[in-house]
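Colleague: I would like a close look at one part of this protein. Please take the ligand site, then set it in the rest of the fold.

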Amino acid sequence: MDHENEEAEKHVDTESKVITEGKAEVLLSSAGNVFYNPVQEFNRDLRYMRYISDANHADWERRHSDLYCDVSSSDLGHNADSLKWFCCGSAQQLKADAIVAVLTLCAEDHHQKMCEGRVKRTEGAQENSSVDAPVDKLTASRKYEKGLTILEALSASGLRSIRYAKEVPGVREVIANDISDRAACSIRASVAHNGVEHLVTTSHDDAVMVMYQHRRPSDRFNAVDLDPYGCPSPFLDTAVQCVSDGGVLLVTCTDMAVLAGNCPETCYSKYGAVSLRAKCCHEMALRIVLQCVESHANRYGRYIVPLLSISADFYVRVFCTGCETLTLQPLGVTHQYGEKANQFKFTLPHGPPVGSQCEHCGHRYHIGGPIWSGPLHDKAFVTRLEHLASAGEFGTARRMQGVLAVVGEELPDVPLYYTLDRLCSVMHSECVPMMQFRSALLNAGFRVSFSHANPMSIKTDAPASVLWDIMRHWVKLHPVRQDRLTGVAAALLSREPTNEINMDLRSDANPKSREKGLSRFQENPQRFWGPGTRARNNNQVEGKMEKSKKNQGKRKKSEASGPDEDGHTKQLKCEEQTLSS
Ligand SMILES: C[S@@+](CC[C@H](N)C(=O)[O-])C[C@H]1O[C@@H](n2cnc3c(N)ncnc32)[C@H](O)[C@@H]1O
Ligand SMILES: [Zn+2]
């Protein structure tokens, strides 16, 4: 046994517990000085799902051409896809207040290739639907000299890295890094315990340094996984530089309270965007993170393509005084010209899109953002993940299928959403059955979908005036008590509807995922569900972290308490009524 392993043995004492997840076993000291949160299994499961990136990845092609020499290279775009079976999907954290974004990073000069690749793939999609073949020839736990390189920058127990090694085919090296000496020892011991020393390298360093040392294009990683305590901002500048072109960055944020509008000023200082306490705050949180990563990437002539962006479903109370109508103001306008998919010109938009007072209720506005307003997910990527999830090889497969199905149904071009319970509570009205509300939107010629972030969400391209007219129509049929007709409700109801509303039920109002009875929205899975606490203080760095713990503790309290009891109960009651009908 070498010196490092002896050290590892010392730290992982006889009291240590063995935790099994997927094909990995990690040894954790019973002192609790290394972070491990069992409720993140779903998150980790999705990361191990092999997937096909949307990027036309020349580097990947070069590295793997001899691995996959039996793959025809006639359709470069499509085969690059096939070659890019990869380790990590991403994910919904089964914890409160967490979001995850999986992005492909590309250099800007890569854009043209990518656009061409996209077109080719679309054309060839039918005849090439069996893309699973090449990766199936590879095995996990075996080292491929030209295989994938993966960095788990903040590894804690090393569990993810070991699972990457044991469950992902075609890996060259996984670096499991952590700044804590206890964590590093624990990783070493678990790596030896699992017999994956040939694949997993333990690194005991500051994640920022590790990533800076891999900025050169030839040294970059195919995948970088960031799962910090709270906010990933300190790591983003280096992370966007050390991911290869078409490679993947996985970002987890557990400071949802900050992102969801509880501390807009903190959000601005960390993410460069103001968060809002609105019902759509979870999607807004994702969009804030995406714009933050994108702005870091842009500094280095790179851009992002979001593959999957998931928010854990957690209720946040809203204190806005008006009707909460949303309006988006673009910061730039893109015009396509010419025949080619990548020929754009950019102009400044006109604005602002609203007056000083809301046209529906007369209240004033809050301004939040900037946010990423493009698609949150890549459809092809999500479809692949759904296929893999339905193969059912993961502990959380059922949840995966449900969440991915809702994600796949989300309207890709409609940022943010309303929630039906909130529309009803603004009006002080009886709850509208969800299917009836959705039918009214469809009958009026608009599109509607759920968002995975909220079971009561209404994501639609209908203007707010149509939503309020549906509510006015509903209130005509189900009158509100006179004594409740005050404030915002009175202002909204003082106007006659201008759109003709038809609430007749339609079968297409019921999405497939709901029809199939999939487990679409997460439930609180167990006691102590949440982001997990930091590992116990055991070195200087963690000592420093402790100092800020007090402040975080204060914040956590408000996060953890989440919804107020009344609000939550009321929402659930309304949900039960509207969803069941
Ligand atoms: C939330 S835990 C990671 C959990 C892990 N990814 C999992 O799935 O179980 C965060 C880890 O980041 C480590 N850490 C904090 N700052 C770091 C830094 N600058 N460089 C490397 N590791 C760091 C901590 O020691 C801790 O183990
Ligand atoms: Zn209003």
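How do the residues of the shell around ligand 1 divide into nonpolar, polar and charged?

Modeller: A caution to begin with: this is a predicted model. The shell around ligand 1 divides into twelve nonpolar residues, five polar and four charged. In total, 21 residues surround the ligand. Those that come nearest are L154, A156, I179, A207 and D227. Two elements each give two or more residues to this shell. One is helix α7, residues 159-167. The other is helix α9, residues 207-212. A207, one of the nearest residues, falls within the α9 range.

Now the wider setting. The protein has 581 residues, and 50% of them count as buried. Its secondary structure comes to 22 helices and 16 strands. Take the contacts between residues at least 6 apart in sequence: 76% of these join residues at least 24 apart.

One sheet can be followed strand by strand. Three strands make it up, in the order β14-β16-β15. The sheet is open, and its pairing is antiparallel. β14 (418-419) and β15 (448-451) are the edge strands, each pairing on one side only. Strand β16 covers residues 454-460. Between β14 and β16 there are two bridges, in the antiparallel sense. At the residue level, T419 stands opposite S457 of β16.

Methods
Residues numbered from 1 in each chain as written. Chains lettered and ligands numbered in written order. Predicted model: local features only at pLDDT ≥ 70, side-chain atom pairs only at ≥ 80, totals over all residues. Helix = DSSP H or I, 4+ residues; strand = E, 2+ residues; numbered from the N terminus. Buried ≥ 20, exposed ≤ 12 C-beta atoms within 10 Å, placed from the backbone. Contact = placed C-beta atoms within 7 Å. Near = placed C-beta within 6 Å. Nonpolar A, V, L, I, M, F, W, Y, C, P; charged D, E, K, R; others polar. Pairing = 2+ DSSP bridges.
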